Amino acid sequence: MAAKPFALGYIGVGLMGGPMSERLLRLGWRVTAYDIAEPRLAAARAAGAAIASSAAEAAHGADVVLLNLPTNDAVIDALFGSTGVASVVSAKQLVVDFSTIPVDECRYHAARLLRETGCRWVDAPVSGGPPASGGGTLTAARCTRMGPVGTGLAAKMINQLIVGVGHAMIAEAVALCGKAGIDAARIPECLAGGYADSNVMKAYWPRMVEGDFAPRGYLRQLLKDLEMVNAWAGSLKAPLPQLAQALSLLRLAASHGYSELDSSAVINIYRK
């Protein structure tokens with residue numbers, strides 16, 4: 001396999017970042033990985049990554065630094081903490097952030113990084129879940145330029161709005177099947193190719209029917225993202241009544257202890 005043209009630093013090799021970094025390694029990229037969780041670093045080492053002891057070490061010598069982190073606080077710490085990326089990068093490097101964080105925070109981080117280091121920033125949030133991240137079929141497989149810094153995350157907010165409301169809708173429909181005496185497992189086949197068919201339905205309907213809640217994406221993460229969408233829409237004075245209903249359902253699911261399960265566990269609220 002031909003050598004790739006530049007080195008990568010990968011910060012955050014968890015549920016999404018782990019499979020993505022492993023795929024990059026299989027494709028021949030040189031990856032130096034960092035994560036705060038030792039088991040994740042062990043998995044990255046086993047996949048062939050060089051291991052860093054800090055975000056700064058992962059970024060040092062990398063042409064492109066990739067971030068894949070669960071919260072805005074984690075992004076801030078990885079960038080601007082005492083052993084953060086900003087302590088070592090320069091104008092010759094590029095930071096690409098796959099994380100889902102508030103749009104305004106993204107713009108602030110990008111401006112601060114450029115001001116303090118000269119390093120540029122690309123917000124490149126992805127969608128598709130861990131299986132797609134490992135298989136190379138995320139939305140990142142299609143690089144759609146949405147505009148200046150922050151517009152990539154704005155597009156991700158729209159994505160999460162659709163996915164989040166879709167969770168609530170699908171949970172309601174699966175529950176209705178049970179009340180009506182319909183075999184819910186046959187519905188995707190019945191509706192395939194019609195207007196109700198979608199990737200959201202293909203992914204989450206079977207999990208809800210089967211009660212398969214092994215986390216491909218945590219319920220807490222979807223809730224976090226929808227709270228973010230809600231705040232962003234509020235700042236734009238954009239009413240989102242369907243989002244409000246989905247948020248109520250997810251908040252209730254979290255209060256019942258389903259936060260660490262797959263987001264499809266929201267169906268359990270209808271089974272109480």
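This report describes the fold, the strand pairing, the nonpolar cores and selected residues of a predicted model.

## Overall architecture

The protein chain contains eleven helices and six strands. Its radius of gyration is 20 Å, close to the 19 Å that the globule rule gives for 272 residues, so the chain is as compact as a globular protein of that length. Taken along the principal axes, the C-alpha atoms of the protein chain fill a box of roughly 60 × 45 × 35 Å. Of the 272 residues, 44% count as buried. Among contacts in the protein chain with a separation of 6 or more, 71% are accounted for by residues 24 or more positions apart.

## The parallel sheet

The six strands form an open sheet in the order β3-β2-β1-β4-β5-β6, with parallel pairing. Its edge strands are β3 (50-51) and β6 (120-123), each of which pairs on one side only.

The table lists four of the strand pairs in this sheet.

| Strand pair | Sense | Bridges | A bridge pair |
|---|---|---|---|
| β1 and β2 | parallel | five | G9 and T32 |
| β2 and β3 | parallel | two | A33 and I51 |
| β4 and β5 | parallel | four | L66 and V96 |
| β5 and β6 | parallel | four | L94 and R120 |

Helical connections link the strands of these pairs. From β1 (residues 7-11) to β2 (residues 30-34), the chain passes through helix α1 (residues 17-26) in a right-handed β-α-β crossover. Helix α2 (residues 38-47) forms a right-handed β-α-β unit with β2 and β3. In the other part of the sheet order, β4, helix α4 (residues 72-80) and β5 make a right-handed β-α-β unit. The crossover from β5 to β6 runs through helix α5 (residues 103-117) and is likewise right-handed.

Strand β5 (residues 94-97) is joined to β4 (residues 64-67) and also pairs with β6. L94 of β5 stands opposite V64, and the bridge partner of L94 in β6 is R120. In a regular strand the side chains alternate between the two faces of the sheet. Within β5, L94 and V96 point one way while V95 and D97 point the other way, and all of them are buried.

## Nonpolar cores

The largest nonpolar core comprises 61 residues, and those with the most contacts inside it are I11, V65, L67, V85 and W121. At least two residues of this core come from each of α3 (55-59), β4, α4, α5, α7 (151-180), α9 (199-210), α10 (219-235) and α11. Helix α7 provides the largest share, ten residues.

V85 illustrates how this core is connected. Not counting residues up to four places away in sequence, V85 touches I11, A55, A56, A59, V65, A78, L79 and V95. Another core lies apart from the largest one; it has 17 residues, among them L8, W29, V96 and F98.

## Helix α9

Which residues of α9 are buried? They are V200, M201, Y204, W205, R207 and M208. These buried residues pack against α7 and α8 (187-191). The length of α9 can be set against an expected span: at 1.5 Å a residue, its twelve residues should span 16 Å, and its end C-alpha atoms are 17 Å apart, which agrees. Just after α9, G211 takes a positive phi of about 70 degrees.

## Two individual residues

D73 and N268 differ in their accessibility: D73 has 60% relative accessibility, whereas N268 has 13%.

D73 is found in helix α4. Is D73 buried or exposed? With a cut-off of over 50% for exposed residues, D73 counts as exposed because its relative accessibility is 60%. The C-alpha atoms of D73 and I101 are separated by 9.2 Å, although the two residues are 28 residues apart along the chain.

N268 lies in the segment after α11 (241-255). The cut-off for burial is under 20% relative accessible area, so N268, at 13%, counts as buried. Not counting residues up to four places away in sequence, N268 touches F213 and Y258.

Technical notes
Residues are numbered from 1 along each chain as its sequence is written. This is a predicted model: local features need pLDDT of at least 70, side-chain atom pairs count only at pLDDT 80 or more; totals for chains, interfaces and linings use all residues. Side-chain values use heavy atoms; hydrogens and water are left out. Two strands pair if DSSP finds at least two bridges between them. Buried means under 20% relative accessible area, exposed over 50%, partly exposed in between (1.4 Å probe, protein chains only). A crossover is right-handed if, with the strands pointing away from the viewer, the path from the first strand over the helix to the second runs clockwise. Contact means heavy atoms within 4.5 Å. A nonpolar core is a set of buried Ala, Val, Leu, Ile, Met, Phe, Trp, Tyr and Cys residues joined through side-chain atoms within 4.5 Å. The expected span of a helix is 1.5 Å times one less than its number of residues. The radius of gyration is taken over C-alpha atoms; the globule rule is 2.2 Å times the number of residues to the power 0.38.
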